[in-house]
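Me: I am new to protein models. Can you walk me through this one, feature by feature?

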Amino acid sequence: MKIQERTGAGAGRSAAPAQPSVGDRLPSPPRERKPALAALAVLLILLGALGATMLVLQVGDRVEVVKVTADIQAGESVGDNVTSVMVAADDSIKYVEWTKVKALKKLKAKSPIYAGTVVVGQMFGAKEQVPAGKASVGLALKEGQYYADIKGGDTVAAYRVGTSGSSSSDSSDKDSSSSSGNGLIATASVERVKGESDATVSTGSKSITLLVDEGDAAALASASSAGEVALVRVPAK
């Protein structure tokens with residue numbers, strides 16, 4: 001009887017294996033580390049910081065200087081024809097800093113300066129300067145004695161015109177014109193034209209200043225006073 005009871009008790013048990021308890025879960029595999037990606041991220045951060053530093057340094061190495069916005073003739077002031085522009089700082093170039101623009105307006109251009117030029121200190125002086133061996137001669141010319149678009153910086157030739165040109169009693173005029181017909185000066189530089197804004201239309205009289213060799217100044221001034229000078233534009237040499 002005891003044997004049967006034990007057998008019956010064993011028959012009621014389930015044959016399924018015992019399940020582990022909740023606290024006995026299997027450990028998950030460790031996450032795989034990627035050192036290459038981490039190094040790349042650090043490198044990108046360093047490159048970004050370096051780029052920002054370079055931009056700051058470049059901005060710090062720039063300076064605000066003066067640029068002219070219109071043609072400035074020799075002996076003239078820049079006036080209000082100026083603007084500011086940022087350029088790379090360079091101690092070897094004597095830029096005129098924008099903070100000194102008021103002082104610049106009191107100076108005179110030593111030679112023609114064209115619009116768009118970033119100016120330097122050597123271009124200006126306290127007063128107009130005539131190069132050694134040269135002379136500035138002022139001419140009062142009528143319509144027809146100059147070409148329509150005459151302007152400062154042009155290279156011209158001066159000719160004697162009029163009925164008295166070939167029979168002048170001035171020996172210096174005669175000597176200067178004998179070698180080339182009625183030619184007075186082969187090449188001269190136009191320093192300035194009074195009322196140049198109207199120089200594109202050949203109307204009326206104009207006051208024109210030429211820079212010539214000192215030896216040619218007397219003949220040119222004499223012919224001009226007689227109204228016997230005509231200017232022709234020639235190629236610059």
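Me: In what order do the elements of the protein run from the N terminus on?
Reply: The order is α-α-β-β-α-β-β-β-β-α-β-β-α-β. The totals are 5 helices and 9 strands. Keep in mind that this is a predicted model.

Me: What does the protein average in pLDDT?
Reply: The average is 76, and 69% of the residues score at least 70. Where pLDDT is low, the predicted coordinates should not be read in detail.

Me: Over which residues does pLDDT stay under 50?
Reply: One stretch is residues 165-180. The model gives that stretch 12 contacts beyond four places in sequence. Another is residues 197-202, with 13 contacts of that kind.

Me: What share of the contacts in the protein with a separation of 6 or more joins residues 24 or more positions apart?
Reply: That share is 72%. As for burial, 26% of the 237 residues are buried.

Me: Let us take one strand, S8. Is S8 mostly covered or mostly open?
Reply: Strand S8 spans residues 206-213. Of its 8 residues, 6 are buried, so S8 is mostly covered.

Me: Which strands pair with S8?
Reply: Strand S5, residues 134-141, is joined to S8 by 8 bridges. S5 and S8 run antiparallel. S7 pairs with S8 as well, over 4 bridges, again in the antiparallel sense.

Me: Which residues stand opposite Leu210?
Reply: Val137 stands opposite Leu210 in S8. Val190 also has Leu210 as its bridge partner.

Me: How do side chains sit along a strand?
Reply: In a regular strand the side chains alternate between the two faces of the sheet. Now look at single residues in S8. Thr209 is placed in this strand.

Me: Why does Thr209 count as buried?
Reply: The cut-off for buried is under 20% relative accessible area. Thr209 has 12%, so Thr209 is buried.

Me: Which residues is Thr209 in contact with, leaving aside its neighbours within four places in sequence?
Reply: Thr209 is in contact with Ser136, Val137, Gly138, Ser189, Val190, Glu191 and Arg192.

Me: Asp213 lies in S8 too. Why does Asp213 count as partly exposed?
Reply: Partly exposed lies between the 20% and 50% cut-offs. Asp213 has 38% relative accessibility, so Asp213 counts as partly exposed. Leaving aside neighbours within four places in sequence, Asp213 is in contact with Gly133 and Lys134.

Me: How far apart are Asp213 and Ala132 in sequence and in space?
Reply: They are 81 residues apart in sequence. In space, the C-alpha to C-alpha distance is 9.3 Å.

Me: How does one find a pocket?
Reply: Rolling a probe the size of a water molecule over the atoms shows where empty space is left. Here, the largest pocket has a volume of about 150 Å³.

Me: Which residues line the largest pocket?
Reply: The lining consists of Lys134, Thr155, Ile185, Ala186, Thr187, Ala188, Ser189, Leu211, Val212, Asp213 and Asp216. Strands S7 (183-193) and S8 (206-213) are the elements that each give two or more residues to that lining. The largest share, 5 residues, comes from S7.

Me: How many residues of each class are in the lining of the largest pocket?
Reply: There are 5 nonpolar, 3 polar and 3 charged residues. Asp213 brings two topics together: Asp213 lies in S8 and lines the largest pocket.

Technical notes: Residues are numbered from 1 along each chain as its sequence is written. This is a predicted model: local features need pLDDT of at least 70, side-chain atom pairs count only at pLDDT 80 or more; totals for chains, interfaces and linings use all residues. Side-chain values use heavy atoms; hydrogens and water are left out. On a 1 Å grid over the protein atoms alone, a cavity is a set of points where a 1.4 Å probe fits but cannot get out, and a pocket is an open set with protein on both sides within 12 Å along at least five of seven lines; lining residues have an atom within 4 Å of a point. Grid points are joined across faces, edges and corners, and a volume is the space filled by probe spheres set on the points. Ala, Val, Leu, Ile, Met, Phe, Trp, Tyr, Cys and Pro count as nonpolar, Asp, Glu, Lys and Arg as charged, and the others, Gly among them, as polar. pLDDT is the predictor's confidence in each residue, from 0 to 100. Contact means heavy atoms within 4.5 Å. Buried means under 20% relative accessible area, exposed over 50%, partly exposed in between (1.4 Å probe, protein chains only). Two strands pair if DSSP finds at least two bridges between them.
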